[in-house]
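Visitor: I am new to this structure and would love a close look at one part. Could you take me through the place where the chains touch?

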There are 2 protein chains.
Amino acid sequence: MQGLRMPDLKIPSRVLMGPGPSDVDPRVLRALGMPLLGHLDPAFLAIMNDVMEALRGVFQTTNRLTLPVSGTGSAGMETVLVNLLEPGDQALVVVQGLFGQRIVDSAKRCGAETHVVEAPWGEAVDPAAVERKLGQLPGPVKLVAAVHAETSTGVLQPVRPLAEIAHRAGALLVVDCVTSLGGCPVEVDAWEVDAAFSGTQKCLSCPPGLAPITLNARAEECVRARRQPVQSWYLDLTMVMSYWGQDRVYHHTAPISMLYALREALQLVLEEGLEDRFQRHRLGAQALAAGLEAMGLQLLVAPELRLPSLTTVTVPAGVEELRVRRELLNDCGIEIGGGLGPLKGRIWRIGTMGYSCQEKNVLLLLTALEQALRRQGRETAPGAGPRAADAVYVSSRTGA
Amino acid sequence: MQGLRMPDLKIPSRVLMGPGPSDVDPRVLRALGMPLLGHLDPAFLAIMNDVMEALRGVFQTTNRLTLPVSGTGSAGMETVLVNLLEPGDQALVVVQGLFGQRIVDSAKRCGAETHVVEAPWGEAVDPAAVERKLGQLPGPVKLVAAVHAETSTGVLQPVRPLAEIAHRAGALLVVDCVTSLGGCPVEVDAWEVDAAFSGTQKCLSCPPGLAPITLNARAEECVRARRQPVQSWYLDLTMVMSYWGQDRVYHHTAPISMLYALREALQLVLEEGLEDRFQRHRLGAQALAAGLEAMGLQLLVAPELRLPSLTTVTVPAGVEELRVRRELLNDCGIEIGGGLGPLKGRIWRIGTMGYSCQEKNVLLLLTALEQALRRQGRETAPGAGPRAADAVYVSSRTGA
């Protein structure tokens, strides 16, 4: 045991342009590395307050119950579901990809009778279909859940219309905004979203490890009115709230360093301003799309449904998908993602999230991708590289 | 929103001598602040392997299923329980403090019929009482659970005898070693512990945010043989294992930075060597106890049951408990803990864990505590300060 030695930790240089995590601003890394405070230290409680207040700003809400759950994004999903759902409840989930399916799986584990409205991967669900489905279900539906930004497909599902439909049926609306929060508008109050959850490692550009959630008064009341205890001790919001709220009752030891980092990451969002940040993401995605199309590649998603944080590209016939990703990583340190589920081997997922969403990264990715495709004998249009760069340039200058 | 600004993050200087988190070695903080890798990057997968292998060393096990859960210590507890227990199972929990009670609460939420063998806070449970209780229970018992190092009382519960008792009854033995792992022997294989969980922020001196767990083949088989799905999606080991195992199937995004930190913290444990590390903790606690007793203070726990990582001291009559802790924090930046539950206001909990367990910290704490007590008019024995320091010196030199 004493003889067991590992080599020193070495982290190769990367440009993270996959579906998350994204690159992290050096200021956030510095915050992460600051010395520890105790989880009940008054100085740390002040940091918790700052984080809650800044999260309200990013979620565009005044919800009291707005805090980061001590786990990654999926823990945020689970927190919302296990607290809102009880065995025998009905839930309706809008599914257009892997993360919608994940909600279905999780809702079932809560003992909820779980129904689904589906769209093919790469498309969005028509709100009218949700309304029809709700009309067909017997008895009350506790909640409707939808993924705002489907990370497996790159589709932006409009959720605003779903709120009215859910509320007319007496249901809460729960929204997964893991890949949208901080990258495009998520207006919890204006859209009347009852509960939302996210992750830190996408457009907030903070390392993974925390899951911001927000519940409005209606959802909070639903938690308080439960007939049965929440099946998870760790994620039981009645107890978690006592720690984050006025009482400061010890529940579990918060991930202190991660909260330093989240505070700094949110500070960066506030400094940039939400509107400017959204505009930067829009430009990044438009530039990337223009460049990819100039190279003759096809995007999976129709323009009006594309995410500003994640672009999905169809792998051209005859090209080895995995080999391209390996070459990008090994030659240039660029990470992009492959497809999941039915899209495995068929698409690449290219993220332009948070700190990763920079013009220089988009240009580098396009050039490196073009090289990798050429190496597999796929001739891109003559001068595709420069044309891609031009497209980026024009799009980023005009905001077209 | 754009106008919303927070002051820069400032972390006051602290010496963490409470019940955890402990101070973190600067090398671990540096690892924490290294740039991100993707959670499926080959370089990151290698780090995961290193962490698993080093954890096996610290747990003194060859268990394949040894990994850090993506949450704090309580998430480790919940992971073990939700994966092993199914509704209708019987569980027997050994309770001598808050963290035993927490296991009871969590086991009940799994739908298990949960029985208890109790000892007063500050004492350990007699293994014979566990054996008697097992004999009285109707039908099979799925698991016996015990807290090795009870953080609420400072008691070391011997768990080795419990393994044989549990196994004779056909039950698994589950052990909470949150406050013991890395600070005193936790010999998972030699003691025949079937499942154990811990946290990173105690004797491993890594920031909070990960929960190392280990399950032996018998416990793993029990997970595989479940009749019902695990009630938690996030903590479902059949899926978590696929990510940490050979398959590397994406489950959730691992807390990457935290894993850098854990790797470095485990590296430090390996460099020091387990035996030397345990000896350092023993000396630290003995020195602290000698100093406290030289000051005329009384320890809560009998010498043979005292934890080497956490010492509990009775608050002298007429002394305001909270005022002392506030003064230690405000004047010297020293954090110690107060009592919980029935011990609230009655004890202090002083940690000597991991990087915090240094002679200079023990001496500083004793001197500062003596000052704080004098300010409340409590005369300590003449020359108690020097005598405390002497006691520390002698104890640390002789290992008495």
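Guide: Here is a walk along the side of chain B that touches chain A, followed by a look inside chain A. Please keep in mind that this is a predicted model, in which local features need pLDDT of at least 70, side-chain atom pairs count only at pLDDT 80 or more, and totals for chains, interfaces and linings use all residues. Residues are numbered from 1 along each chain as its sequence is written, while chains are lettered from A and ligands numbered from 1 in the order in which they are written.

Where the chains touch, 66 residues of chain B are in contact with 66 residues of chain A (contact means that the C-beta atoms, placed from the backbone, lie within 7 Å). On chain B, the elements giving two or more residues to this side are helices H1 (26-32), H2 (42-59), H3 (73-84), H4 (98-109) and H9 (256-272); a helix here is a DSSP run of H or I, at least four residues, numbered from the N terminus. H9(B) gives the most, with eight residues. By kind, the chain B side divides into 31 nonpolar, 23 polar and 12 charged residues (Ala, Val, Leu, Ile, Met, Phe, Trp, Tyr, Cys and Pro are nonpolar, Asp, Glu, Lys and Arg charged, and the others, Gly among them, polar).

Now to the partner. Chain A is divided into domain 1 (36-270) and domain 2 (273-398), with bounds from an automatic or database domain assignment. Their contact takes 22 residues from domain 1 of chain A and 21 residues from domain 2 of chain A. As for confidence, the predictor gives the complex an ipTM of 0.96 and a pTM of 0.96.

Conventions. Two residues are in contact if their C-beta atoms, placed from the backbone, lie within 7 Å.
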